[in-house]
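User: Hi! Could you walk me through this model, starting with the packing and then moving on to whatever else catches the eye?

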Amino acid sequence: VYPYDFRLTEKEKTSICYLSFPDSYSGGLGDTQFSFRLRQSGGQRAAHYEDDGEYNREAPLTLQRESAHYFGYVYFRQVKDSSMKRGYFQKSLVLVSRLPYVNLFQSLLQLIAPEYFDKLEPCLEAVCNEIDQWPPPVPGQTLNLPVMGVVIQVCVADDTQQQNETKCFQPVLIHIQMLWELMLLGEPIVVMAPSPTVSSEMVMALTSCLAPLRYCCDYRPYFTIHDSEFKEYTTRTQAPPNIVVGVTNPFFIKTLQHWPHILRVGELRMSGDLPKQVKVKKLTKLKTLDTKPGRSSCQGIQRKRPSEVQSALLRRHLLELTQSFIIPLEHYIASLMPLQRAITPWKNPPQIRPFRQDDFMKTLEHAGPQLTCVLKGDWLGLYRRFFKSPNFDGWYRQRHKEMTQKLEALHLEAICEANIVAWMKDKSEVEIVDLVLKLREKLVARCQHLPVKEETLQRVGLYIETIIDSLPEDLQTVLHHH
C-alpha cells in the first residue's frame, strides 16, 4: 500500500474482494482482465495529495483523480489444478487507485500478475518498492516508469484512453445516437453483459462518449449482488438513480427489469431463449433526435474497414455531436461575463450575470446545433432535459468557477495598472489600511488558485509595499507585522 499509512475500511475490503471475481459462471479458463469502480465508505480520508487541485486543473476530464471513488483493475486467472480442493486454481491480482488510468494499470498487471501467480508475495513486495519510487503524474509529460526490468512509458493525455474504448461500440452502432443522448441526459442504464470484461469496457466507453463534456453521474463498470448499494438500486419504491451499471449475473435480469433502459451486449450464457443480439429496451419514447447514426460510421462497417479506422470515425462522429450541442451553450455563457471596461481597481469585480434558460433558448434560432449538425430533431427538447441533468450542473459549475477566476485575475491586473498615488490623495488612513488588507487577502488567495501571471503577483506585492510606505510609521509597523 502506498502511501504506506493508508487504510481501507473493512467494508471497502469486502467490496473489493467481491468485485475481484466474476460473479456468474463464466466457464472460461485462462486469464481475464476487467475494471470496477467503488464508492469510498467511511468519511473523507485525509487527502494525501495536496496537489490534487493542481493535477485536476491540468488533466483531461476523463483522467482526473476522483475524491470519493476508487478504481479497481483486476487480473483474474482460472486454470485446472488437481491439487486444489475445487479442482481449479482461481486467483485475482487487483490494483486499486483513485486514478482512471485503465491502459497503464491493465498493462502493468499483464507484467506483474503472471509472475505473482508463480512466485507469490516476494515478487509483489519488490514491485511495490519500485512503484513507490515512481514520480507523481504530470499531465502532458511523458513519464518513464521502471518495473520488473522494463520501463513503461506513459503520457497523461486524453486520447490514449478513448482509442480503445470506442471499439466495443461495434455491436451497438445502430443505437449509438440514442446511447449518446441517454448519457448526455444522465439517464439510468443497465448494461447486461456475458463477462466483467465486456461489461466494464462498455460502461467505460459510454462514460467517455460525451468528451469533451464531462459525464458527471455515477457509473459502475462492474457491479455484483454483494455490493453495498445493491438494495438501493434494486428497490422499486423509488426511481433508479442517475447511473450506468454493468452487470453479468443473470439474477439482475429480474431485479433490474424496472429500469428504463437496458442494454444487452453479447450472448448471456443462460437457460431460456434470450435473443442473442443486442437489445435496447423501451427506448422508443425517448427519441428526441432522429436516430440515423453518422452515415460514415455505418458505411465503415459495411465496407469492413479495419476496426482502428472505424473507431476513429466513430470518435469523430461523437465529438462532432457533442460539439454541436455544447457550442451554443459556450457562446451563451461567455456572453454573461461582464465587459472588461466594467472592471475597475477600487471596486469589487462585477458579478457574472445569471444563466437564464429561456434567454439561452432564444439564441438557438440563429445559433443552434441544427446549423452545424446533420441530425434533425427536437434539439430544444433535448436542451430542456439536459438542464435537469447532473451533467448540466457539473458543466455550469465548472464554467462559472473558471469565469470567476478570470474576473479575479483581470481585477488584480487592473489594480496593478492603476495610479495608486493619485487615488490615495484624498483618502483617509482607515481607507488606505483597509485597501492594503484587502489586497493582501486577495494576494494570498490568488497565489493558491488563480491563473495569474507571476509578474502580476510580484507587482501587487510591490504595490502593497508602496502604499504601506506612504503611511505614518506606527501604521507601517502594524501592517508589516500582519
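**Cores, helices and strands**

Analyst: Happily! The largest nonpolar core has 86 residues, and those with the most contacts inside it are Phe169, Phe325, Leu329 and Phe355. A nonpolar core here is a set of buried Ala, Val, Leu, Ile, Met, Phe, Trp, Tyr and Cys residues joined through side-chain atoms within 4.5 Å. Buried means under 20% relative accessible area, exposed is over 50%, and partly exposed lies in between (1.4 Å probe, protein chains only).

User: Which helix gives the most to this core?

Analyst: Helix H3 (residues 102–119) does, with nine residues. Helices (H or I, at least four residues) and strands (E, at least two) are DSSP runs, numbered from the N terminus.

User: And is there another core apart from that one, or what else is there? Which residues are in it?

Analyst: Another core, of 21 residues, lies apart from it; Leu412, Ile415, Val436 and Leu457 are among its members.

User: Before we go on, what sort of model is this?

Analyst: This is a predicted model, where local features need pLDDT of at least 70 and side-chain atom pairs count only at pLDDT 80 or more, while totals for chains, interfaces and linings use all residues. Residues are numbered from 1 along each chain as its sequence is written, and side-chain values use heavy atoms, with hydrogens and water left out.

User: Good to know. What does Phe355 touch?

Analyst: Leaving aside residues up to four places away in sequence, Phe355 touches Leu329, Tyr332, Ile333, Leu336, Phe360, Phe387, Phe392, Trp395 and Tyr396. Contact means heavy atoms within 4.5 Å.

User: How do H11 and H12 cross?

Analyst: The axes of H11 and H12 come within 10 Å and cross at roughly 120°. Axes are lines fitted to C-alpha atoms, for helices over the stretch in contact, and angles run from 0 to 180 degrees between N-to-C directions. H11 and H12 are therefore oblique to each other. Angles under 35 degrees count as roughly parallel, over 145 as roughly antiparallel, 65 to 115 as roughly perpendicular and the rest as oblique.

User: Which residues meet there?

Analyst: From H11, Pro328, Leu329 and Tyr332 meet Asp359, Phe360, Thr363, Leu364 and Ala367 in H12.

User: And the loop between those two helices: is Lys347 buried or exposed?

Analyst: Lys347, in the loop between helix H11 (307–334) and helix H12 (357–367), is exposed, with a relative accessible area of 59%. Its C-alpha atom is separated by 9.9 Å from that of Ile415, 68 residues apart along the chain.

User: Back to H3. How is it set against H4?

Analyst: The axes of H3 and helix H4 (residues 121–132) come within 7 Å and cross at roughly 150°, so H3 and H4 are roughly antiparallel to each other. On the H3 side the contact is made by Leu108, Ile112, Glu115, Tyr116 and Lys119, and on the H4 side by Glu121, Pro122, Cys123, Leu124, Val127 and Ile131.

User: Switching to strands: what is the order in the open sheet of three?

Analyst: The order is E1-E2-E3, with antiparallel pairing. Strand E1 (30–39) and strand E3 (88–97) are the edge strands, each pairing on one side only. Two strands pair if DSSP finds at least two bridges between them. Direction ignored, neighbouring strands of this sheet are turned by 20° against each other on average.

User: How many bridges join E1 to E2?

Analyst: Ten bridges join E1 to strand E2 (residues 69–80), and Tyr73 in E2 is the bridge partner of Ser35. Gln78 also has its place in strand E2 and is buried, with a relative accessible area of 9%.

User: What about E9?

Analyst: Strand E9 (residues 261–264) has both faces covered, as His261 and Leu263 on one side and Ile262 and Arg264 on the other are all buried. Four bridges join strand E6 (residues 189–192) to E9, and these two run parallel. Ile189 stands opposite His261 in E9.

User: Any backbone oddities? Where is the cis peptide bond?

Analyst: A cis peptide bond joins Ala211 and Pro212, with omega about 5°. Pro212 lies in the loop between helix H7 (196–207) and strand E7 (218–220). Met148, a residue other than glycine, has a positive phi near 50°. Met148 lies in the loop between strand E4 (142–147) and strand E5 (150–155), and at 29% relative accessibility it counts as partly exposed.
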